[in-house]
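Me: I have a new structure to look at, and I would like to learn how to read it. Could you take me through a few features, beginning with the cysteines?

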Amino acid sequence: MQRWNWGWKTFPGSKFKEVNAEGLDFDNVNLSKSKINNANMSGMTLNDVNASEVNIRNANLSATSVQHANMSHMKVDHVHLFGTEFVNIVLPQEGDRNYDPNGDYKPIVFHNCNLSNMEINNCDITGLKINGILIEELL
């Protein structure tokens, strides 16, 4: 098997079909507007990646870990979340690029979801509403 070591090459508009690309190492690469279909990406690692406006459909993301990520305005639709944990979720802090000193952020919404057996522990629930009812007033 021939191995290539390319530096500063351009391949805009190229197509790769039926290719075994296992173990590739991309560094400082522009993959914007690229399309990946029917791909095995298990065990793949993405570091220091701008993945804004990425669409992922019909994907198996089980045991996926997302850390230190800006997921503002992200939409998660029709997913299986059993056993999923959301830990240390915060609004932007002073010094973050998308920090708003007025705290004027779009609300986080769960709509038409089955949240049975859900637990909320040690969380700031200021302003939390369920079906329009402010939870702070019930506690």
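Reply: Happy to! Keep in mind that this is a predicted model. A good place to begin is Cys113, which is partly exposed, with a relative accessible area of 44%.

Me: And Cys123: what is its relative accessible area?

Reply: For Cys123 the value is 48%, so this residue also counts as partly exposed.

Me: How many disulfides does the structure hold?

Reply: The general idea is to look for two cysteine sulfur atoms within 2.5 Å of each other. Here the count is zero.

Me: Why does Cys113 not form a bond with Cys123?

Reply: Check the distance between the sulfurs. The closest cysteine sulfur to that of Cys113 belongs to Cys123 and is 17 Å away, so it is too far for a bond. Starting from Cys123, the closest is the sulfur of Cys113, again at 17 Å.

Me: Now the surface. Which residues make the nonpolar patch?

Reply: The patch is made by Val66, Met71, Met74, Val76, Val79, Leu81, Phe86 and Ile89, and its area is about 810 Å². To join such a patch, a residue needs over 30% relative accessible area. Take Val66: its relative accessible area is 55%, so it counts as exposed. Val66 sits in the segment before β1, a strand that spans 129-130.

Me: Where does Leu24 lie, and is Leu24 buried or exposed?

Reply: Leu24 is found in the segment before β1. Being exposed means having over 50% relative accessible area, and Leu24, at 55%, counts as exposed. You can also compare positions along the chain and in space: Leu24 and Met44 are 20 residues apart along the chain, and their C-alpha atoms are separated by 10.0 Å.

How values were computed. Residues are numbered from 1 along each chain as its sequence is written. This is a predicted model: local features need pLDDT of at least 70, side-chain atom pairs count only at pLDDT 80 or more; totals for chains, interfaces and linings use all residues. Side-chain values use heavy atoms; hydrogens and water are left out. Patches are made of residues with over 30% relative accessible area and no salt bridge: like charges are joined within 9 Å, nonpolar side chains (Val, Leu, Ile, Met, Phe, Trp, Tyr) within 5 Å. Accessible areas come from the Shrake-Rupley method with a 1.4 Å probe; for residues, only the protein chains shown count as cover. A salt bridge is a side-chain nitrogen of Lys or Arg within 4 Å of a carboxyl oxygen of Asp or Glu. Helices (H or I, at least four residues) and strands (E, at least two) are DSSP runs, numbered from the N terminus. Buried means under 20% relative accessible area, exposed over 50%, partly exposed in between (1.4 Å probe, protein chains only).
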